[in-house]
Amino acid sequence: MSAPAGIDLVGARLEERLRAGEKFFAAEAERIARLCHRMAERFARGGRLIALGGDGADRSDVRHVTVEFVHPVIVGKRALPALGLSVEGGPLAAQAALAVEADDIAIAFGEGDDLASAVALCAERGALTIAFADIGAEWSFAPPGTDPFVRQELVETLYHVLWELVHVFLDQRGLLEGRRGSAVHDAGASSFLYPFLAEREDDLESVVADVRASVEMKAAEVGALRAQTLGEGRETLLDAAADLRAAFVRGGRLLALGNGGSATDAMDVVADFRAPPAGTGWPARPALDLTEDTAILTALANDIGVEATFSRQVIAHARDGDVVLAFSTSGGSANVILALEEARRRGLRTIALLGYDGGRILAEGLADRVVVSRSEHIPRIQEAQASAYHVLRELVEAAP
């Protein structure tokens, strides 16, 4: 994964991502559109999304996809039932045997015998199955290339797109087989986002074509946002990597934090530092995920308030020489701001990956290193931020 000496690593990694994204979504847009239709049929019958995965990066994707479906962040989207099963709960096949029902949708992250067995069991139960490796799923998508970071980013965009566009078919209920309920047409609050919802209730192929075009449009949007994020953020990422490299040499650690989907980004980046991708030869680095302990998070939220969930952990864990990495799509999350302020009081270096215009964190200079993904579309922000922290991870191990 290392670029040859003298090559602009950030620029090279950006080009790889742009090529891979264009190739993957051009090839798969039609299938993604039809999968959205099949998923909508399952949800309309009362089915749930069941996410399955191992540990590390796969676990972060399990948690990420479920929070997106259960807690919609776009006006007009309905909450959809989703459940995450990862290896901390025991063998995946055994967990699936207790949880999966006939109308469910199983989406699997990673590979291996246990995951393949779980997928097979889900299929036997009648669930629709989706995977990103050759493990026997009905719908299998194989992102191009060998870079695990790039492949994971493509998968993240894919499941974000599934979440966004399944609603198109849910709003066209006349196109759903086996649905329950009497309503036929329900454009609802999503109609201003997708004007074609008011048209052609009985023409599946026309709606599929519209959704396919939307898939390609969203892929192009994230490509442009990755270019902006890594282009404008190049020097900041280099400086942040130098901060982290120096901290690790001195015995410091990385502390990562964020809310919701950003919490899963903190989970993912910590996994990447603790357990580098196979074949890189990178050393494991000490990192703490401040979103990981539900007992701590819920105790602080219940007894003090949500605003204290991260700052109190910085007080408890932070030592001289540590670095705090904060994720916020808005740049204004109160608990993130308080954590950054606490880190600064303790003399820690701070890095922030932000969306929108950077919000208060950028405007008030609350972090030492700030990279902004300039969008108001949260899924695209998170996808571009994934590219930023994956490149950051690689830069830490690049020759200074």
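**A tour of the predicted model**

Start with the whole protein chain in view: 56% of its 400 residues count as buried. Keep in mind as you go that this is a predicted model.

Switch to a cartoon, and you can pick out 13 helices and 10 strands. The radius of gyration is 21 Å, close to the 21 Å that the globule rule gives for 400 residues, so the chain is as compact as a globular protein of that length. Turn the C-alpha trace along its principal axes, and the spans come to about 60 × 45 × 40 Å.

Now show the contacts. Of those with a separation of 6 or more, 71% link residues 24 or more positions apart. A surface view comes next: about 15600 Å² is exposed, with carbon and sulfur atoms supplying 53% of it. Colour by charge, and the mean positions of the 40 positive and 59 negative charges lie 3 Å apart.

Time to zoom in. Select residues 57–70, helix H2. At 1.5 Å a residue its 14 residues should span 20 Å, and the end C-alpha atoms are 20 Å apart, which agrees. Which residues of H2 are buried? Show side chains for Arg-59, Ser-60, Asp-61, Val-62, His-64, Val-65, Thr-66, Glu-68 and Phe-69.

Move on to residues 234–249, helix H7. Here 16 residues should span 22 Å at 1.5 Å a residue, and the end C-alpha atoms are 23 Å apart, which agrees. Its buried residues include Leu-237, Ala-240, Ala-241, Leu-244 and Phe-248, along with the charged Asp-243 and Arg-245.

For a last stop, step past H7 to Gly-251, where phi is positive, near 90°.

Methods: Residues are numbered from 1 along each chain as its sequence is written. This is a predicted model: local features need pLDDT of at least 70, side-chain atom pairs count only at pLDDT 80 or more; totals for chains, interfaces and linings use all residues. Side-chain values use heavy atoms; hydrogens and water are left out. Helices (H or I, at least four residues) and strands (E, at least two) are DSSP runs, numbered from the N terminus. The radius of gyration is taken over C-alpha atoms; the globule rule is 2.2 Å times the number of residues to the power 0.38. Buried means under 20% relative accessible area, exposed over 50%, partly exposed in between (1.4 Å probe, protein chains only). Contact means heavy atoms within 4.5 Å. Accessible areas come from the Shrake-Rupley method with a 1.4 Å probe; for residues, only the protein chains shown count as cover. The place of a charge is taken as NZ of Lys, CZ of Arg, CG of Asp or CD of Glu. The expected span of a helix is 1.5 Å times one less than its number of residues.
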